Amino acid sequence: ARSLILMLLWLTSILVVSEGQHGTLLSSVFQAPTQVAIRLSRDPVSLLEGSTDFGHIVHKNPVAIMNPASTSDISVLVKFSNSLPIPFSVAARGEGHSVNGQSMAFGGVVVNMSSFRDSSTDNDGSGGILVTEKTAAPGVHYVDVGGGQRWIDVLHETMKRGLSPRSWTDYLYLTVGGTLSNAGISGQTFRFGPQIQNVYELDVVTGEGEEITCSREINSDLFYAVLGGLGQFGIIIRARIALAPAPTRVKWLSLLYDDFSVLSADQEKLISMNESVETNMPNYVEGSLLLNQSSMDLSFYPEADRPRITSLVQQNGIVYVLELAKYYTNDSHARVEQEVEELLSGLKFLSSFKFEKDVSYEEFLDRVHSVELVLRPQGLWDLPHPWLNMFVPKSRIMDFHDGVFKGILLNQTIPSGLVLVYPMNRNKWDDKMSAMIPDEDIFYVVSFLHTSTYDQVEAFKEQNQMVLQFCEEAGIQIKKYLPQNLTRKQWMDHFGDKWKLFQQRKVQYDPKHILSPGQAIFSH
Ligand code: FAD
């Protein structure tokens, strides 16, 4: 009983201190210069939104939300914080689609980048809603977009000119600044690198409030720091993104396997094709698991085929899916059929389990949103998401499969959500950037995209912990993607040789540790 009382006293003291700090910070935030003060809001709905995210697990209250109308508003806010004896933290919030409080700022200010996106007039002319593509040199196109723009809007705008970014995420209702702070990965990454690899230039407001343009040529250290930098060094105001001529249609295939080693061999074969020699490369390669459980999503497949797919899964425990896309334009329709046939002829999937769709390019890229539209009305989109994302070196992917997919997942009573597994090429990533990947030429993305009821969250967290512990005990050198819940020591291990540089860059660009406190890297 005594230790319980001590624990309660300790908890109360934390709360009192925190509430006290909150009050002090609240009064100092509102003493900001008028230009900033008029953009701050304590409207309960906005505060609630700024204190939650797609994870629905972590909640941290900011003292205010800022709805900036220009870059200068953000810069003045950050400079003002720097000028205070106790600075307040500032977190850019894109769509709040992170899952562990990364876009939150306890006792600080959350900058609503979507308000910036919606402002049709932008004093600096550098953010705003306008998307304009330019031609840098014959055949080289790019687009300048505000950091608060969503990729879906970038897609629609660029498609009007017959152009498109080359590298995507699976879901497009994420902001440019939000994904570039991580990496931005999907089935195109094996070929074009992550989204951070497809950026020519950035405008950034640093942690000292300086507005700086950077690229591989100018202020390159800041450029490399910010890309994959988890919001630690600057707020991305504008990004210049590489574009290519857009296809119009997509052959979208789902091929089933009953053996993981055969699936991974085929995936690796596809991502290792030599672009300059083999013209018939796929444009997108992913993979996932079908697990024997009630939540299995078979919506891609014709209704008539679902019973036989279900029995295959029941028979096998796990069925492996290779997802493949081949883009084409309306005038190359005849050729693409032939190309797909050639591509498939070298693969070893279960021949009676080949499924194909022919969809528009925009429908293909926006595929997860159509799932969202089905789940939302059922209340299944806004549930907790105890996700775990990681990169696993190719040399250990079979051990990972045996220990985690077969050993842990199949023995759980909680239903797993979507589990993705697909390989990427290390040579498409620039090691100068802050994003971390395993030190092998090929590594796999493994994503456990669980959707949980509120009472299952702890069970999912335990399962995630078991996965991480398995990797540690088996000596599998994973790197976390969208890392969360790391101790200082784990952050140091995560960045490995780059930790020193990461720290130095923090001292240089955000010495008072103001930006993106929700990542909990420097706030322990
Ligand atoms: P937020 O959650 O708002 O912010 C995330 C972090 O970035 C915070 O630390 C924030 O402070 C910082 N930040 C936000 N904007 C800026 C800015 N302008 N400048 C500097 N820092 C900023 N990721 C992939 O790579 N591939 C996928 O296929 C993929 N699919 C997803 C599908 C769904 C349904 C969801 C919910 C997420 C998915 N993600 C994927 C993860 C997603 O890319 C990241 O969580 C991303 O950070 C979310 O973008 P956001 O705009 O919501 O950022």
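Let's start with the ligand: 37 residues surround it, and the closest are G94, H97, D170, G177 and G178. By "near" I mean that a residue's C-beta atom, placed from the backbone, lies within 6 Å of the molecule. Three elements give two or more residues to this shell, namely β3 (90–93), α7 (176–180) and β10 (234–245). Those element names are DSSP runs numbered from the N terminus, with helices being H or I of at least four residues and strands being E of at least two. Now, what is the shell made of? It divides into 13 nonpolar, 20 polar and 4 charged residues. For that split, Ala, Val, Leu, Ile, Met, Phe, Trp, Tyr, Cys and Pro count as nonpolar, Asp, Glu, Lys and Arg as charged, and the others, Gly among them, as polar.

A quick word on what you're looking at. This is a predicted model, where local features need pLDDT of at least 70 and side-chain atom pairs count only at pLDDT 80 or more, while totals for chains, interfaces and linings use all residues. Residues are numbered from 1 along each chain as its sequence is written.

Okay, domains. The domain assignment gives domain 1 (2–116 + 508–519), domain 2 (132–245) and domain 3 (249–481), and bounds like these come from an automatic or database assignment. So where does the ligand sit? Domain 1 and domain 2 both give residues to the shell around the ligand, so the ligand lies between them.

Those two domains also touch each other: 21 residues of domain 1 are in contact with 24 residues of domain 2. "In contact" here means C-beta atoms, placed from the backbone, within 7 Å. On the domain 1 side, α4 (71–83) and α5 (113–118) are the elements that give two or more residues. The largest share of that side, 6 residues, comes from α4. By type, the domain 1 side divides into 9 nonpolar, 8 polar and 4 charged residues.

Next, the inside of the protein. The largest nonpolar core has 127 residues, and those with the most contacts inside it are L77, V109, V111 and V392. A core, for us, is a set of buried Ala, Val, Leu, Ile, Met, Phe, Trp, Tyr and Cys residues joined through C-beta atoms within 7 Å. And buried means 20 or more other C-beta atoms within 10 Å of a residue's own, exposed means 12 or fewer, and partly exposed is in between, again with C-beta atoms placed from the backbone. Strand β13 (residues 318–328) gives the largest share of this core, 8 residues. If you want to click on one core residue, try L77: leaving out residues up to four places away in sequence, L77 touches A32, V36, M66, V90 and V109.

Now have a look at helix α15, residues 397–406. Which of its residues are buried? I397, F400, H401, V404 and F405 are. Seen down the helix axis, these fall within an arc of 105 degrees, so they line one face of α15. That arc is taken from the directions from the helix axis to the C-beta atoms. On the other side of α15, M398 and D402 are exposed. The cover over the buried residues includes α10 (260–271), β12 (284–291), β13, β15 (388–393), β17 (442–449) and α16 (457–474).

One neighbour of this helix is I476, which has its place in the loop between α16 and β18 (479–481). I476 is buried, with 20 other C-beta atoms within 10 Å. I476 and F400 are 76 residues apart in sequence and 7.8 Å apart in space, C-alpha to C-alpha. Besides F400, I476 touches V392, R396, D399 and C471, not counting residues up to four places away in sequence.

Helix α6 (residues 151–159) also has buried residues: W151, V154 and T158. Those cover an arc of only 55 degrees around the axis, which puts them on the same side of α6.

Last stop, a few loop residues. D382 is in the loop between α14 (367–375) and β15. Is D382 buried or exposed? It counts as exposed, with 12 C-beta neighbours inside 10 Å. D382 and G55 are 327 residues apart in sequence, and 8.4 Å apart in space, C-alpha to C-alpha. Then there's N219, which has a positive phi of about 45 degrees although it is not a glycine. You'll find N219 in the loop between β9 (211–215) and α9 (220–226).
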